Amino acid sequence: MAYIKNIEHDTVLPLAGEIQVQKGQVVSKTMAQNKAVSITLFAFSKDEEISTHDSEGDAMVQVLEGVGRFTVGGREHICKAGDVLVMPAKVPHAVYAVEDFKWILTVVFPADRSV
């Protein structure tokens, strides 16, 4: 049984190559999802966004390519390839593509979470 899905196992791969930007869209690819953790790969076309929302768990963003703006608790953060940002649980946040960009989101949920 594989816990991480939608990616080849036991193979070195360029992670950004596992998802493609599609003009005018937000593309996502779930890599893992259970009551403890969620890992999702995203590709945003320039000017696409996810509006303000929050999460039960701490969310760590790792930008793979391009530039995105993450607004966390009202503060804006411009993140580029190689940057990491942690968005604390239950703090409202939003994402906007300054240019085409790809990123991976890892959310770690509380141990007592029921799903």
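## Exercises on strands, cores and salt bridges

At 79% relative accessibility, K23 counts as exposed. The model is a predicted one, and the exercises below begin with this residue.

**Exercise 1. Place K23 and Y3 in the chain, and state whether each is buried or exposed.**

Solution.
Step 1. K23 belongs to the segment before β1.
Step 2. The cut-off for an exposed residue is over 50% relative accessible area. K23, with 79%, is therefore exposed.
Step 3. Y3 also lies in the segment before β1, a strand that spans 26-33. Its relative accessible area is 63%, so Y3 is exposed.
Step 4. Y3 takes part in a nonpolar surface patch with M1 and I4, and the three together have about 450 Å² of accessible area.
Step 5. K23 can also be located against V67: the two C-alpha atoms are 16 Å apart in space, and the residues are 44 apart in sequence.

**Exercise 2. Determine which strands pair with β7, in what sense, and over how many bridges.**

Solution.
Step 1. Strand β7 covers residues 93-108.
Step 2. Its pairing with β2 is antiparallel and runs over eight bridges. Within this pairing, I39 is opposite T106 of β7.
Step 3. Strand β3, residues 49-53, pairs with β7 in the antiparallel sense over three bridges. Here E49 faces Y96 of β7.
Step 4. Strand β4, residues 58-72, is likewise antiparallel to β7, over 13 bridges. In this case G68 has A97 of β7 as its bridge partner.
Step 5. The surroundings of β7 can now be assessed. Twelve of its 16 residues are buried, so the strand is largely enclosed by the rest of the structure.

**Exercise 3. Describe where T40 lies, whether T40 is buried or exposed, and which residues T40 contacts.**

Solution.
Step 1. T40 is found in strand β2, which comprises residues 37-44.
Step 2. The cut-off for a buried residue is under 20% relative accessible area. T40 has 10%, and is therefore buried.
Step 3. Neighbours within four places in sequence are set aside. The remaining contacts of T40 are S28, K29, T30, M31, W103, I104 and L105.
Step 4. The contact with W103 can be followed from the other side. With neighbours within four places again excluded, W103 touches T40, L41, F42, F44, V61, Q62, V63, L64, F70 and V95.

**Exercise 4. Identify the largest nonpolar core, and which elements give two or more residues to this core.**

Solution.
Step 1. As a general background, nonpolar side chains in soluble globular proteins tend to be buried together.
Step 2. The largest nonpolar core here has 17 residues, and those with the most contacts inside it are V61, F70, M87, F101, W103 and L105.
Step 3. Two or more residues of this core come from each of β2, β4, β6 (84-87) and β7.
Step 4. The greatest contribution is that of β7, with six residues.
Step 5. Another core lies apart from this one; it has eight residues, including V27, M31, I39 and A43.

**Exercise 5. State how many salt bridges the structure holds, and characterise those formed by K29, K102 and K80.**

Solution.
Step 1. There are five salt bridges in the structure.
Step 2. One of them joins the side chains of K29 and E18, at 3.6 Å from N to O. This pair connects distant parts of the chain, since K29 is in strand β1 and E18 in the segment before β1, eleven residues apart. K29 is partly exposed, with 21% relative accessibility.
Step 3. Another joins K102 and E65, whose closest N and O atoms are 3.7 Å apart. K102 is in strand β7 and E65 in strand β4, so this pair ties together parts that are 37 residues apart in sequence.
Step 4. The two partners are then assigned by accessibility. K102 has a relative accessible area of 7% and is therefore buried, whereas E65, with 37%, is partly exposed.
Step 5. The side chains of K80 and D83 also form a salt bridge, at 3.7 Å from N to O. K80 is partly exposed at 48% relative accessibility, and D83 is partly exposed at 24%.

Notes: Residues are numbered from 1 along each chain as its sequence is written. This is a predicted model: local features need pLDDT of at least 70, side-chain atom pairs count only at pLDDT 80 or more; totals for chains, interfaces and linings use all residues. Side-chain values use heavy atoms; hydrogens and water are left out. Helices (H or I, at least four residues) and strands (E, at least two) are DSSP runs, numbered from the N terminus. Buried means under 20% relative accessible area, exposed over 50%, partly exposed in between (1.4 Å probe, protein chains only). Contact means heavy atoms within 4.5 Å. Two strands pair if DSSP finds at least two bridges between them. Patches are made of residues with over 30% relative accessible area and no salt bridge: like charges are joined within 9 Å, nonpolar side chains (Val, Leu, Ile, Met, Phe, Trp, Tyr) within 5 Å. Accessible areas come from the Shrake-Rupley method with a 1.4 Å probe; for residues, only the protein chains shown count as cover. A salt bridge is a side-chain nitrogen of Lys or Arg within 4 Å of a carboxyl oxygen of Asp or Glu. A nonpolar core is a set of buried Ala, Val, Leu, Ile, Met, Phe, Trp, Tyr and Cys residues joined through side-chain atoms within 4.5 Å.
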